[in-house]
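The following exercises are to be worked with the sequence and the coordinates at hand. Each task is followed by a solution in steps.

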Amino acid sequence: MSKVRVRFAPSPTGSLHIGGARTALFNWLFARHNQGTFVLRIDDTDTERSTELSYQEILSAMRWLGLDWDEGPQKDGAYGPYLQSQRLDLYRQAIDQLLADGKAYLCYCTAEELAERRKQAQAEGRPPMYDRRCRYLTRAEQERLQAEGRQPVVRLAIPDGVTTVHDLIRGDVTFDNSTIDDFILIKSNGMPTYNFATVIDDYTMAISHVIRAEEHLSNTPKQILVAQTLGYQLPAYAHVPMILAPDRSKLSKRHGATSVEEYRDAGYLPEAIINYLALLGWSPEGEEEIIPLEDIVADFSLARVAKTAAIYDTKKLTWINGHYLREADIDRITRLALPFLQAKGLLPDPLPEQDYSHLRAIIEAVRDRVKTLAEVADAASYFFTEITSYDEKGVRKHFTKPGVAELLEEARAALAALPDFNAQSTEEAYRKIAEQKGISTGQLFHPTRLAVSGRTMGPGLFEILELLGRETVLERLAKAIDWIKNNMATN
């Protein structure tokens, strides 16, 4: 294989969404597997919709995911510039060549005229394609239309015959040229269209493989025709499968098709998203679903990319995220979780340095049962706020039993008398009470957990007690005892 050069070329008209991130990842993996070059190019010729904010958000999302580019914005290489808006001279040179060779032509039809003809064609049952009337204009006719003040576009003169896409995933796909419009190459404002600019860029940047979503397959014959008329060597094409919702409908925001940054802000880890996206349309050698990035790079090939649509499953992504959350370095998770706790008003910003080790211990305790950083904040909230309510099911199950208030009073007195207050000493005290009273440990453990946390689930009870500290535990037990006596008296 010759030197691999691939590119990801988003338009800065919005955030980087999951589908785009998957395309970027597949290109990045292909480049890394083949010791090639991964180029980030920004297709910003849509001047009406492109924004600086979107541009910066795309760069930020790519960095956060760890999809480092070898050439592109802020990493200049021999094939720059990497923003299409800075490459207009290249497009103009190519257009001049096509016009001179008679392979493209000026079209003076107005938007209103084109709309009327499309409407008429549909009414007559004909395909609403451009009727090519400007393709054969004489010089005099062009000058007359120019004199009317019309701003022409440039269209490609589609030749007769067929165009075959040699796709590395789907095999050969052939298109009849009669179904392809004489599409626009340069708009009336002088800006190139996508199907024109991308061909020039891919060729002049020496892109060897164009790996992109299946939805672009219909654009590929147009791009091949542009390349052929210019005498360009074609790159290899690979169109990866669509991503569909669980019900096999088009993926939308209601299915979780949010931007990468929204997943970051919801508390997902980049390595979890990368792991999950790699499995959307690509099959590893084994059955494992948790795969380290270095193994994905080592195994990745286009031969194992599916032809059929990939099904997007937010639950699976969240499950994978939970795994990485549990396995990641605890100091890293503490740093990442801190803003979520601060956003809920649970901790000050900045956090005093002396409070860090205690926070670290709390997050270590709760992270086994959560799947996102946002859930870390929810799971840890009772360590930082007063208990204002108790889980309703827990109340019915544990606070309504006869004698529970007296039992908690006895437990509270035992905890108050302990010379040392830690997980080991509190557990020993509780087991001693249960043994003396001839009751199961659960009869004491469960109401205590509800009393000190307001919940029925969480880390180990005695880990909770140690992290809360003696004073807080005694206060919450006393409060729960009063609550039970006041609310359960009539039950």
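A salt bridge is taken here as a side-chain nitrogen of Lys or Arg within 4 Å of a carboxyl oxygen of Asp or Glu. The structure is a predicted model.

**Exercise 1. A salt bridge of helix H11**

Task: Decide whether lysine 316 and glutamate 289 satisfy the criterion for a salt bridge, and state which parts of the chain they belong to.

Solution.
Step 1. The N to O distance between the side chains of lysine 316 and glutamate 289 is 2.6 Å, and the two meet in a salt bridge.
Step 2. Lysine 316 belongs to helix H11, whereas glutamate 289 belongs to the loop between helix H9 (270-278) and helix H10 (293-299), so the pair ties together parts that are 27 residues apart in sequence.
Step 3. Lysine 316 counts as partly exposed because its relative accessibility is 26%. Glutamate 289, with a relative accessible area of 32%, is likewise partly exposed.

**Exercise 2. A salt bridge of strand S1**

Task: Which residue forms a salt bridge with arginine 5, and is arginine 5 buried or exposed?

Solution.
Step 1. The partner of arginine 5 is glutamate 71, and their closest N and O atoms are 2.8 Å apart.
Step 2. This pair links distant parts of the chain: arginine 5 is in strand S1, glutamate 71 is in the loop between helix H2 (52-65) and helix H3 (88-100), and 66 residues separate them.
Step 3. For the solvent exposure, the cut-off for a buried residue is under 20% relative accessible area. Arginine 5 has 7% relative accessibility and therefore counts as buried. Glutamate 71, at 10%, also counts as buried.
Step 4. The segment before strand S1 (5-8) contains valine 4. Valine 4 is buried, its relative accessible area being 2%.

**Exercise 3. A network of charges**

Task: Place the salt bridge between aspartate 131 and arginine 133 in its wider setting.

Solution.
Step 1. The closest N and O atoms of aspartate 131 and arginine 133 lie 2.8 Å apart, and the two residues form a salt bridge.
Step 2. Aspartate 131 is partly exposed at 37% relative accessibility, and arginine 133 is partly exposed at 47%.
Step 3. Both residues take part in a network of salt bridges that links Glu113, Arg117, Asp131, Arg133, Arg144, Glu148 and Arg150.
Step 4. A search of the whole structure gives 32 salt bridges.

**Exercise 4. Backbone geometry**

Task: Locate cis peptide bonds that precede proline 81 and proline 350, and give the phi values of arginine 132 and alanine 206.

Solution.
Step 1. Glycine 80 and proline 81 are joined by a cis peptide bond with omega of about 0 degrees. Proline 81 is placed in the loop between H2 and H3.
Step 2. From aspartate 349 to proline 350 the peptide bond is also cis, with omega near 10 degrees. Proline 350 is found in the loop between helix H12 (330-343) and helix H13 (356-366).
Step 3. Arginine 132 is a residue other than glycine with a positive phi, near 65 degrees. This arginine 132 lies in the loop between helix H4 (111-123) and helix H5 (139-147), and is partly exposed with a relative accessible area of 22%.
Step 4. Alanine 206 likewise has a positive phi, near 60 degrees. Its place is the loop between helix H6 (194-204) and S8, and at 32% relative accessibility alanine 206 counts as partly exposed.

**Exercise 5. Strand S8 and its partner**

Task: How many bridges join S8 to strand S9, and in which direction do the strands run, parallel or antiparallel?

Solution.
Step 1. Strand S8 spans residues 209-213 and is mostly covered, with 5 of its 5 residues buried.
Step 2. S8 is joined by 5 bridges to strand S9 (residues 236-240), and the two run parallel.
Step 3. One of the partnerships is that of histidine 209 with alanine 236 in S9.

**Exercise 6. A patch of surface charge**

Task: Which residues gather with Glu327 in a patch of negative charge, and where does glutamate 327 lie?

Solution.
Step 1. Asp368, Glu463 and Glu466 gather with Glu327 in this patch on the surface.
Step 2. Glutamate 327 is in helix H11 (residues 314-327).
Step 3. The cut-off for an exposed residue is over 50% relative accessible area. Glutamate 327 has 57% relative accessibility and therefore counts as exposed.

How values were computed. Residues are numbered from 1 along each chain as its sequence is written. This is a predicted model: local features need pLDDT of at least 70, side-chain atom pairs count only at pLDDT 80 or more; totals for chains, interfaces and linings use all residues. Side-chain values use heavy atoms; hydrogens and water are left out. Patches are made of residues with over 30% relative accessible area and no salt bridge: like charges are joined within 9 Å, nonpolar side chains (Val, Leu, Ile, Met, Phe, Trp, Tyr) within 5 Å. Accessible areas come from the Shrake-Rupley method with a 1.4 Å probe; for residues, only the protein chains shown count as cover. Lys and Arg count as positive and Asp and Glu as negative; His and the chain ends are not counted. The place of a charge is taken as NZ of Lys, CZ of Arg, CG of Asp or CD of Glu. Helices (H or I, at least four residues) and strands (E, at least two) are DSSP runs, numbered from the N terminus. Buried means under 20% relative accessible area, exposed over 50%, partly exposed in between (1.4 Å probe, protein chains only). Two strands pair if DSSP finds at least two bridges between them.
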